[in-house]
Amino acid sequence: MPKMKSHSGAKKRFKVTGSGKIAHNRAGKRHLNEHKSSRRTRRLTGQSVLPKGAAKKASKLLVKHPGR
């Protein structure tokens, strides 16, 4: 049986932190920013940690051996 592969899209979107949490970039800052307040665009800067339920799904996509 061939090797399991990580989900390519998930690899590009998520990053595992040193403590094992899954970080992601916040949505809503790519375009149409002119009408958004500076406060809002600053808040969207940087990464944040995924909530528990979403992190479980994302980790299944990132792990090469989901059954183990």
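Leu32 counts as exposed, at 58% relative accessibility, where exposed means over 50% relative accessible area, buried under 20% and partly exposed in between, with a 1.4 Å probe and protein chains only. The phi angle of Leu32 is near 55 degrees, a positive value in a residue other than glycine. Leu32 belongs to the loop between S2 and helix H2 (38-43); helices (H or I, at least four residues) and strands (E, at least two) are DSSP runs, numbered from the N terminus.

The structure is a predicted model, in which local features need pLDDT of at least 70 and side-chain atom pairs count only at pLDDT 80 or more, while totals for chains, interfaces and linings use all residues. Residues are numbered from 1 along each chain as its sequence is written, and side-chain values use heavy atoms, with hydrogens and water left out.

The overall fold may be considered next. Three helices and three strands make up the secondary structure of the protein, and their order along the sequence is α-β-β-α-β-α. The radius of gyration of the protein is 15 Å, whereas a compact globule of 68 residues would have a value near 11 Å; this radius is taken over C-alpha atoms, and the globule rule is 2.2 Å times the number of residues to the power 0.38. Along the principal axes, the C-alpha atoms fill a box of roughly 50 × 25 × 20 Å. Of the 68 residues, 21% are buried. The accessible surface comes to about 6100 Å², and carbon and sulfur atoms account for 54% of that surface; such areas come from the Shrake-Rupley method with a 1.4 Å probe, and for residues only the protein chains shown count as cover. Among contacts (heavy atoms within 4.5 Å) between residues at least 6 apart in sequence, 52% join residues at least 24 apart.

The strands offer a view of the buried part of the model. Ala23 has its place in strand S2 and is counted as buried because its relative accessibility is 6%. Leaving out residues up to four places away in sequence, Ala23 touches Arg13, Phe14, Lys15, Thr17, Gln47, Ser48 and Val49. One of these partners, Ser48, is found in strand S3 (residues 47-49). With a relative accessible area of 14%, Ser48 is likewise buried. Beyond its neighbours within four places in sequence, Ser48 is in contact with Ile22, Ala23, His24 and Arg26. Another partner of Ala23 is Thr17, which is located in the loop between strand S1 (14-16) and S2. Thr17 is partly exposed, as its relative accessible area is 25%.

Separations between C-alpha atoms help to place these residues in the wider model. Ala23 and Ser38, 15 residues apart along the chain, have C-alpha atoms separated by 23 Å. For Thr17 and Leu44, 27 residues apart along the chain, the separation is 19 Å. Lys57, a residue of helix H3 (residues 52-62), counts as exposed because its relative accessibility is 64%. The C-alpha atoms of Lys57 and His35 are separated by 33 Å, with these positions 22 residues apart along the chain.

The loop that holds Leu32, between S2 and H2, also contains Lys29. At 36% relative accessibility, Lys29 is partly exposed. Lys29 touches Thr41, Leu44 and Thr45, not counting residues up to four places away in sequence. The C-alpha atoms of Lys29 and Arg40, 11 residues apart along the chain, are separated by 9.1 Å.

Lys29 also leads to the largest pocket, whose lining consists of Lys12, Arg13, Phe14, His24, Asn25, Arg26, Ala27, Gly28, Lys29 and Arg30. On a 1 Å grid over the protein atoms alone, a pocket is an open set of points where a 1.4 Å probe fits, with protein on both sides within 12 Å along at least five of seven lines, and lining residues have an atom within 4 Å of a point. About 230 Å³ of space lies in this pocket; grid points are joined across faces, edges and corners, and the volume is the space filled by probe spheres set on the points. Helix H1 (8-13) and strand S2 (22-25) each supply at least two residues of the lining. By class, the lining has five charged, three polar and two nonpolar residues, where Ala, Val, Leu, Ile, Met, Phe, Trp, Tyr, Cys and Pro count as nonpolar, Asp, Glu, Lys and Arg as charged, and the others, Gly among them, as polar.
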